[in-house]
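Welcome, and please have the viewer ready. A short walk through this model is set out under the headings below.

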Amino acid sequence: MATRRRGPLPWLNPGIFVGATAPVVSILVRARSGALGANPIAEALNELGLMALVLLIASLACTPLKTVFGWTWPIRARRLLGLLAFAYAALHVTVYAGLDQGLDVRAILADVLKRKFIFVGFAAFVMMIPLAWTSTKGAVRRMGYVKWQRLHLLVYPAALCAVIHFVWRVKKDLSEPLVYAAILGALLLVRVVARGSGPVGAASGPDAEA
């Protein structure tokens, strides 16, 4: 009986998953012991939102890393990074809606419409929903690769809205959010230059170029 061949770096995705879930475990442990500070809800919101942004930008870095350095392993991690980014964004929204706003739909809607940083953050989350929903290879087959690829261009405005959400949320010390803005700008520049100079590489499915 033939054995299934394991691909290179079999530890890559498990390692990323364990590393990416460590922050949420830390939040839960600190929340249980009362070590999240004077405002635990705000601290949890900040940490969950930051992890969502970090993972989203990491997923966007996979193709530029292949383009610039010729590395192929980041492509194999891209789908997982995107799904983890969505998971953290969903937790961020859940804590906001459930713990911060007490599931008061009117209050949430008023907050979204009144406060621009919440509006743009909510827009980023909404754009991530169809990306997560269609992240499987089955979705690529059902939609066709061209339609799937066009839909997944939403990742760029989603990332941009996430960065703007961070910038507007911080207000005063913009050094940290501007670092993420610069990284996102550099990644987009690599993509634009690569597309202008010809095909980056052919692939298909959720682990391929979006």
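The report takes up a helix, a salt bridge, the enclosed and open spaces, and a surface patch. The model is a predicted one.

## Helix α2

Let's start with α2, which covers residues 40-69. With 30 residues at 1.5 Å each, α2 should span 44 Å, and the 41 Å between its end C-alpha atoms agrees with that.

Where does α2 bend? Look at Ala61: the helix turns there by about 30°, and Pro64 follows within four residues. Just after α2 comes Gly70, a residue with a positive phi near 80°.

## A link between α1 and α2

Two salt bridges turn up in a search of the whole structure. One of them joins Arg30 to Glu47, with 2.6 Å between the closest N and O atoms. Arg30 belongs to helix α1 (residues 12-33) and Glu47 to helix α2, so this pair ties together parts that lie 17 residues apart in sequence.

## The cavity

If you are interested in enclosed space, the count is one cavity of 30 Å³ or more, and the volume of the largest cavity is about 330 Å³. Its lining is made of 20 residues, and Ser59, Arg78, Gly82, His152 and Val155 are the closest to the centre.

Which elements give two or more residues to this lining? They are α2, α3 (73-100), α5 (116-133) and α8 (155-170). Helix α3 gives the most, with five residues.

## The largest pocket

Now for the open space: the largest pocket holds about 830 Å³. It has 33 lining residues, and those nearest its centre are Leu45, Gly49, His92, Phe117 and His165.

At least two lining residues come from each of α2, α3, α4 (105-114), α5 and α8. Here α2 supplies the largest share, nine residues. Helix α2 therefore appears again, as it is also among the elements that give two or more residues to the lining of the largest cavity.

## A nonpolar patch on the surface

Finally, turn to the outside of the model. Leu9, Trp11, Val68, Phe69, Trp71 and Trp73 form a nonpolar patch on the surface, and their accessible area together is about 630 Å². Val68, one of the patch residues, sits in α2. This brings us back to the helix that opened the report, the one with the bend at Ala61 and with Gly70 following it.

Definitions and conventions. Residues are numbered from 1 along each chain as its sequence is written. This is a predicted model: local features need pLDDT of at least 70, side-chain atom pairs count only at pLDDT 80 or more; totals for chains, interfaces and linings use all residues. Side-chain values use heavy atoms; hydrogens and water are left out. Patches are made of residues with over 30% relative accessible area and no salt bridge: like charges are joined within 9 Å, nonpolar side chains (Val, Leu, Ile, Met, Phe, Trp, Tyr) within 5 Å. Accessible areas come from the Shrake-Rupley method with a 1.4 Å probe; for residues, only the protein chains shown count as cover. A salt bridge is a side-chain nitrogen of Lys or Arg within 4 Å of a carboxyl oxygen of Asp or Glu. The expected span of a helix is 1.5 Å times one less than its number of residues. The bend at a residue is the angle between axes fitted to the seven residues ending there and the seven starting there. On a 1 Å grid over the protein atoms alone, a cavity is a set of points where a 1.4 Å probe fits but cannot get out, and a pocket is an open set with protein on both sides within 12 Å along at least five of seven lines; lining residues have an atom within 4 Å of a point. Grid points are joined across faces, edges and corners, and a volume is the space filled by probe spheres set on the points.
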